[in-house]
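Let's take a friendly walk through a protein model, one region at a time. Keep the 3D view open and turn it as you read.

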Amino acid sequence: MTQSPELAGGAGFTFADQIAARYLASLLASAPGPGTNERRVSRVALEQRAAGEPLDDIIVDATAPDGSIQRLSLQAKRKLTISAAASNTDFRSIIRDCWATLDKPDFRTGTDYIGAAVGASTAVGTARDLQAVAEFARASATASDFARRFAKGGSASAAHATVLGYVEKITREIGREASIEELYRLLSHFILIRFDTLHAGATDDPATVSLIDQALEPGQDAQASLLFDRLQTLIRRGAGTARSWSTQTVRREVAPWFRLATNRSLAPDVEKLAAEARQAAESIA
């Protein structure tokens with residue numbers, strides 16, 4: 001049975017709210033977000049399991065200058081333990097849902113990313129080892145190159161091999177026999193993004209406010225924190241209805257209360273119109 005997005009949304013799960021707010025701020029400012037590889041965020045969606053997204057907490061689409069789309073599918077966990085313990089349901093479910101997302105017919109190999117957004121309380125060592133294993137996969141031209149890193153004399157450490165073993169073990173225990181080629185494909189698309197938020201001295205909340213400031217007209221700096229609160233309110237309500245936003249819809253929702261700058265993605269078009277207007281005015285005798 002599909003879980004209700006209202007239940008999955010988890011009213012009061014403020015870590016997920018903060019992470020979604022970061023991407024909604026990027027959408028509002030038409031700017032890149034964490035994990036989008038300099039592509040501008042063009043859509044943000046929440047709790048999309050009923051729409052066929054196994055990694056459903058936060059779905060981010062980002063657009064490159066050539067119009068190509070990258071999808072970032074994330075589960076949000078304020079604290080995530082990286083292990084293969086049977087009791088570690090959070091990490092096991094993330095690996096399970098990563099496989100399910102990878103198997104989707106519309107998954108873009110070499111472009112889309114799958115994984116988790118985690119909080120600063122997640123153990124640094126194992127998280128860093130998992131990130132390194134994923135980077136090993138992305139830095140390897142083939143599955144054989146990736147496997148050689150874990151062979152005797154390879155660049156992978158014992159800690160890296162342990163983390164790879166966790167992924168292999170969970171994969172087997174969920175009923176999937178994955179070859180090294182499949183593991184290579186999974187890990188080359190896997191991303192773990194650490195967010196520092198919800199405590200004194202956190203760095204990501206001020207960064208989000210600074211990003212929001214870019215979406216406001218010059219001189220509206222004092223409104224950035226209020227707009228941050230507004231975005232979080234939209235997210236808290238939106239999780240219960242499996243909400244999605246485009247740049248146009250999020251701007252439309254906040255425009256009545258805030259003076260927004262020109263959408264940066266439209267700035268070249270606006271400049272062309274201004275140039276045409278100047279030329280027309282100069283041509284009038």
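Which residue takes a positive phi in the hairpin of β2 and β3? In this predicted model, the residue is Gly-67, with a phi near 90°. The hairpin has 5 residues between its strands.

## The whole chain

Let's step back for a moment. The protein chain has 11 helices and 6 strands. Of its 285 residues, 47% count as buried. Among contacts between residues at least 6 apart in sequence, 64% join residues at least 24 apart.

How confident is the predictor? The mean pLDDT of the chain is 89, and 88% of the residues reach 70 or more. Among the elements, helix α7 (residues 180–188) has the highest mean pLDDT, 98, while helix α1 (residues 5–9) has the lowest, 40. Over residues 1–13 the pLDDT is below 50, and this stretch has 13 contacts in the model beyond near neighbours in sequence. Where pLDDT is low, the predicted coordinates should not be read in detail.

## Strands side by side

Now find strand β3, which spans residues 69–77. This strand is mostly covered, with 8 of its 9 residues buried. β2 and β3 run antiparallel and are joined by 6 bridges. To see one pairing, look for Val-60, whose bridge partner in β3 is Leu-72.

β3 also pairs with strand β4 (residues 113–119), this time in the parallel sense, over 6 bridges. Here Gln-75 stands opposite Ala-116 in β4. As you look along the strands, keep a general pattern in mind: in a regular strand the side chains alternate between the two faces of the sheet.

## Two arginines and an aspartate

Ala-116 leads us to another residue. The C-alpha atoms of Ala-116 and Arg-194 are separated by 8.5 Å, although the two residues are 78 apart along the chain. Arg-194 lies in strand β5 (residues 190–195). Is Arg-194 buried, exposed or partly exposed? Its relative accessible area is 33%, so it counts as partly exposed.

The side chain of Arg-194 reaches the backbone oxygen of Thr-122 at 3.0 Å. The backbone oxygen of Gly-119 lies 3.5 Å from a polar atom of the same Arg-194 side chain. Leaving aside neighbours within four places in sequence, the contacts of Arg-194 include Val-118, Ala-120, Val-124 and Asp-204.

Asp-204 takes us to a second arginine, Arg-22: a polar contact of 2.8 Å joins the side chains of Arg-22 and Asp-204. Arg-22 is found in helix α2. With a relative accessible area of 16%, Arg-22 is buried. Not counting residues up to four places away in sequence, Arg-22 also touches Pro-34, Phe-195, Ala-207, Thr-208 and Leu-211.

## Helices with a buried side

Helix α9 covers residues 224–239, which makes 16 residues. From its first C-alpha to its last it reaches 23 Å, close to the 22 Å expected at 1.5 Å a residue. Among its buried residues are Ala-224, Leu-227, Leu-231, Ile-235 and Ala-239. The buried residues of α9 cover an arc of only 160° around the axis, which puts them on the same side of the helix.

Where do the buried residues of helix α10 (residues 247–254) sit? They are Thr-247, Val-250, Arg-251 and Val-254. Seen down the axis of α10, they fall within an arc of 100°, so they line one face of the helix. These buried residues pack against α2, β1, α9 and β6 (244–246).

## Two glutamates with positive phi

Most residues other than glycine have a negative phi. Glu-38 is not a glycine, yet it has a positive phi of about 70°. Glu-38 lies in the loop between α2 (14–29) and β1 (40–46). Because its relative accessibility is 68%, Glu-38 counts as exposed.

Glu-47 is not a glycine either, and its phi is also positive, at about 50°. Glu-47 lies in the loop between β1 and β2 (58–63). Is Glu-47 buried or exposed? With a relative accessible area of 7%, Glu-47 is buried.

How values were computed: Residues are numbered from 1 along each chain as its sequence is written. This is a predicted model: local features need pLDDT of at least 70, side-chain atom pairs count only at pLDDT 80 or more; totals for chains, interfaces and linings use all residues. Side-chain values use heavy atoms; hydrogens and water are left out. Helices (H or I, at least four residues) and strands (E, at least two) are DSSP runs, numbered from the N terminus. Buried means under 20% relative accessible area, exposed over 50%, partly exposed in between (1.4 Å probe, protein chains only). The expected span of a helix is 1.5 Å times one less than its number of residues. The arc is that of the directions from the helix axis to the C-beta atoms. Contact means heavy atoms within 4.5 Å. A polar contact is a pair of N or O atoms within 3.5 Å; within protein, one must be able to donate a hydrogen and the other to accept it, and residues adjacent in sequence count only if both atoms are side-chain atoms. pLDDT is the predictor's confidence in each residue, from 0 to 100. Two strands pair if DSSP finds at least two bridges between them.
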